[in-house]
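The following paragraphs lead through one protein chain, from its overall make-up to its metal site, its sheets and a few single residues. Please keep the sequence and the model at hand while reading.

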Amino acid sequence: MNELGFTKDTTPYLVFKCNKCKQYSYVKVTQKTKKCLRCGHSHQVKLIVNSGMIVNGMTAAVNRVKELQNQLGDPQFRTESEFIMAPRIREQSSQLHKKSRMIYNDGAENYLEAFNVLLRDLSHRYSSFPLYLIEAMASDYKIPLSVLKDLIFRGITNKILIKDNNNHYSVRSND
Ligand SMILES: [Zn+2]
């Protein structure tokens, strides 16, 4: 059974629940600290390493986070969350399903500037990042998921954004 997708990537990642906002994130176990993607709370990896689950490879980590976040969207899990962010995440995932039939949306240019700011902020925090991270941050920058794929496509075409063999993205630096 190959559940991991990319079997080559066996780097251990910790999937954990943010102790402030109760949302799930992942971090390479060798990393010292990790800022929660959703609330910015900083975690010391050695203090949370026993509270989460270790999975191998970033793809598996991202998928596990998605699964757990989907469970948070289930009403019976919602009471666990101090700040009820689950409905927003559920809305995002339903938009994701719709996204596939509206790839090219001429509204995308209205969001170019916001998208560039998102990429700049993301590249300050991570040298490379999976699509999931771009999607997770899009709503904070008021970018609808319906135009995100188009924006990413333009970014790659204009060589602002680089996609590597592991399907991770990085931002070309200006200097
Ligand atoms: Zn958090």
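Five bridges join β1 to β2, and the two strands run antiparallel; strands here are DSSP runs of E with at least two residues, helices are runs of H or I with at least four residues, and both are numbered from the N terminus. One of the pairings between these strands is that of L14, whose bridge partner in β2 is V27. This is a predicted model, in which local features need pLDDT of at least 70 and side-chain atom pairs count only at pLDDT 80 or more, whereas totals for chains, interfaces and linings use all residues. Residues are numbered from 1 along each chain as its sequence is written, and side-chain values use heavy atoms, with hydrogens and water left out.

The strands β1 and β2 belong to an open sheet of three strands, in the order β2-β1-β5 and with antiparallel pairing, where two strands are said to pair if DSSP finds at least two bridges between them. Its edge strands are β2 and β5 (53–56), each of which pairs on one side only. From one strand to the next the twist averages 30°, taken between axes that are lines fitted to C-alpha atoms, for helices over the stretch in contact, with angles that run from 0 to 180 degrees between N-to-C directions. In general, the strands of a sheet pair through backbone hydrogen bonds, either parallel or antiparallel.

The chain as a whole has seven helices and eight strands. Of its 175 residues, 37% count as buried, a term that means under 20% relative accessible area, with exposed meaning over 50% and partly exposed the range in between (1.4 Å probe, protein chains only). The accessible surface of the chain comes to about 10,500 Å², of which 50% belongs to carbon and sulfur atoms; such areas come from the Shrake-Rupley method with a 1.4 Å probe, and for residues only the protein chains shown count as cover. Among the contacts in the chain with a separation of 6 or more, 58% are accounted for by residues 24 or more positions apart, a contact being defined by heavy atoms within 4.5 Å.

Which protein atoms are the donors of the zinc ion? They are the SG atoms of C18, C21, C36 and C39, lying 2.3 Å from the ion, where donors are N, O and S atoms within 2.8 Å of the metal (3.2 Å for Na, K and Ca), and where sites may look incomplete because water is not among the atoms. The arrangement is tetrahedral because the four donor atoms subtend angles of 103 to 113° around the zinc ion; for four donors, this term requires that all angles lie between 85 and 135 degrees. Along the chain the donors follow the spacing C-x2-C-x14-C-x2-C. Distant parts of the chain are linked by the pair C18 and C39, which lie 21 residues apart, C18 in the loop between β1 (12–17) and β2 (24–28) and C39 in the loop between β3 (33–35) and β4 (42–44). The two differ in cover, since C18 counts as buried at 1% relative accessibility, whereas C39 counts as partly exposed at 31%.

The loop between β1 and β2 also holds K20, which is partly exposed, with a relative accessible area of 41%. K20 and G40 are 20 residues apart in sequence, and their C-alpha atoms are 9.3 Å apart in space. K22 has its place in the loop between β1 and β2, and has a positive phi of about 65° although it is not a glycine. Q23 and L72 are 49 residues apart in sequence and 8.1 Å apart in space, C-alpha to C-alpha; L72 lies in helix α2 (residues 58–73) and is buried, with a relative accessible area of 3%.

Farther along the chain, a second open sheet is formed by three strands in the order β6-β8-β7, again with antiparallel pairing, and its edge strands are β6 (129–130) and β7 (161–163), each pairing on one side only. Two bridges join β6 to strand β8 (residues 168–171), and the bridge partner of P130 in β8 is H168. Helix α6 (residues 131–138) is mostly covered, with seven of its eight residues buried, namely Y132, L133, I134, E135, A136, M137 and A138. In the loop between α7 (145–157) and β7 lies K159, a residue other than glycine with a positive phi near 60°, and K159 is exposed, with a relative accessible area of 54%.

Methods
Tetrahedral: all angles 85-135°; square planar, octahedral: opposite > 155°, others 65-115°.
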